[in-house]
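Trainee: I keep tripping over the labels people put on protein structures. Could we go through one and check each label against its cut-off?

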Amino acid sequence: MLIRNTSILSFDDLSIRPSSDVLIEGSRIKKIGPNLPASGEVIDGTACYLLPGLVNAHSHTAMTLLRGVAEDVAVEDWFNKHVWMYEKNLTPHDVYIGTLLGAAEMLLNGVTFVADHYFYMDEAFRAYQQAGMRADLSWAAFGVGPDWERAHQEALRFTEQYAGRDSRLTISLGPHSPYLCPDEFLRASAKRAQEMGLKLHIHVSEEERQVTRTVQERGMTPIELLQRTGVLREGTILAHAYWATDSDMQLIRESGAGVAHCPKTYMRFGDIHDFLPRALQAGVSCALGSDGSASNSTINIFEAARDAALLAKCATKSPQVATLREVLGLLCNGAAAGLRGYGRVEAGAPADLVLIRPDTPNMQPEHNVFANILYSLGESNMDTVLVDGKVVVRKGRLMTIDLPELYREAAAAAKRLTAAVSGTPMQTY
Ligand SMILES: [Zn+2]
């Protein structure tokens, strides 16, 4: 396949490489240069910009089915009194439908890779296979609660059964968090991940009170706890780490773990903090995440980047922090999601690519195309998306999923979940 005559954007140095052809062989980029010979399908990239596929480093994708169930509520009530009432009734088929809906939304917004942390992940696996999306799947595992051992066995069964099955879909271990997993559980997860050659994906330090409580009760921060138990290491995805201390930042940087920053969720909960400028200053590898749609509504990484920039500027009361280059650099940072070398347009890289069209009113004129991308771009600017060398979005249309049928299924699932909500909360975390 050949993408002909396009302008390649680099977020590393905010440069543009005009009039370039990109030759794709199989699932990888073979060559980039002017006037390359056509081979197979030719996609006309004239009047488009080409960029690497976007990375969503932390998602609970199937929670698309819970979009809008808990609005304008206190953070303490959000899960126990609202989200859990719906989530406890999710079936494996709901996870399939919800994941398919999320994958559709992501692909139509240029996201080619997601690190998904949820349950019934065999159903999520099936959805990503169908959608043609790249994903890392971890079955969320808890070390507390009445049923944790059975649930944990299920997570391990999934891991053993699915690891290595599909080169596009990798498997990680997903201990939920230091507050829902005792130390022994975390230690065992880290050990098992090492034995199986897998990575880890975990929540940590998302709220200030978690950090102060752990310091009071344990004499260390949650990040320090992850270090002691072996979870903090290269390739681990730390979801949030939003209230990491300055010394935590050093530990994260030295470990080679990455952070998934989910600004829209923090802002929804009224939690303004200067995590991002401090993390960038400390050299922490960060990418953006969507978290679940019950708190984030959308799964749109361009929007997450915009929110990240605005949140950082507000938190520090400084318009000079979170520069274009810093924030655009988060969009495709595969390394922060355990995928080294991902998110680049270069020979040998996976052919996960996005073509955007700037010929819409919101993107004109082009004093600074990078500023337009961060602060103005919309879904209507998506032209073509490739994953693993295959076209999944063509001229703004998703090729892999029957959307009207999917909307009907999602509506039916939402109706059933709403009907099932009754009585009092059953879970208190
Ligand atoms: Zn999360």
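Trainee: Let's start with Trp-139. Why is Trp-139 called buried?

Mentor: Keep in mind that this is a predicted model. Trp-139 has a relative accessible area of 5%, and buried means under 20%, so Trp-139 earns the label.

Trainee: And what makes Tyr-120 buried, partly exposed or exposed?

Mentor: Its relative accessibility is 23%. Partly exposed is the class between under 20% and over 50%, so Tyr-120 counts as partly exposed.

Trainee: How do you know which kind of pair the rings of Tyr-120 and Trp-139 make?

Mentor: Two checks. Their centres are 6.3 Å apart, and rings pair if the centres lie within 6.5 Å. Their planes stand at 80 degrees, and over 60 counts as edge-to-face, so that's the name for this pair.

Trainee: What does the pair tie together?

Mentor: Tyr-120 is in the loop between strand 7 (111-118) and helix 3 (121-131), while Trp-139 is in strand 8 (residues 134-141), so the pair ties together parts 19 residues apart in sequence. The whole structure has 14 aromatic pairs. Ring pairs also join Tyr-120 and Trp-139 with Tyr-118, Phe-119, Phe-125, Phe-158 and Tyr-162 in a cluster.

Trainee: What makes you say that the charged end of Arg-126 sits over the ring of Tyr-96?

Mentor: Arg-126 is 3.9 Å from the ring centre, and the distance limit is 6 Å. There's an angle condition as well, within 35 degrees of the ring normal. Arg-165 lies over the face of Tyr-162 too, at 4.1 Å from the ring centre.

Trainee: Now helix 8 (residues 246-255). Which of its residues are buried?

Mentor: Asp-248, Met-249, Leu-251, Ile-252 and Ser-255.

Trainee: Why are they said to line one face of the helix?

Mentor: Look down the axis of helix 8: the buried residues fall within an arc of 160 degrees, so they line one face. On the other side, Asp-246 and Glu-254 are exposed.

Trainee: What covers the buried residues of helix 8?

Mentor: The cover includes helix 7 (222-228), strand 11 (237-240), strand 12 (258-261) and helix 10 (275-282). Just after helix 8 comes Gly-256, with a positive phi near 85 degrees.

Trainee: Which residues have the most contacts inside the largest nonpolar core?

Mentor: Ile-252 is one of them, and Tyr-128 and Leu-238 are others, in a core of 118 residues. Helix 2 (residues 92-108) gives the most to this core, with 10 residues.

How values were computed
Residues are numbered from 1 along each chain as its sequence is written. This is a predicted model: local features need pLDDT of at least 70, side-chain atom pairs count only at pLDDT 80 or more; totals for chains, interfaces and linings use all residues. Side-chain values use heavy atoms; hydrogens and water are left out. A nonpolar core is a set of buried Ala, Val, Leu, Ile, Met, Phe, Trp, Tyr and Cys residues joined through side-chain atoms within 4.5 Å. Buried means under 20% relative accessible area, exposed over 50%, partly exposed in between (1.4 Å probe, protein chains only). Helices (H or I, at least four residues) and strands (E, at least two) are DSSP runs, numbered from the N terminus. Rings of Phe, Tyr and Trp (its six-membered ring) pair if their centres lie within 6.5 Å; planes under 30 degrees apart count as stacked, over 60 as edge-to-face and the rest as tilted. The arc is that of the directions from the helix axis to the C-beta atoms. Contact means heavy atoms within 4.5 Å.
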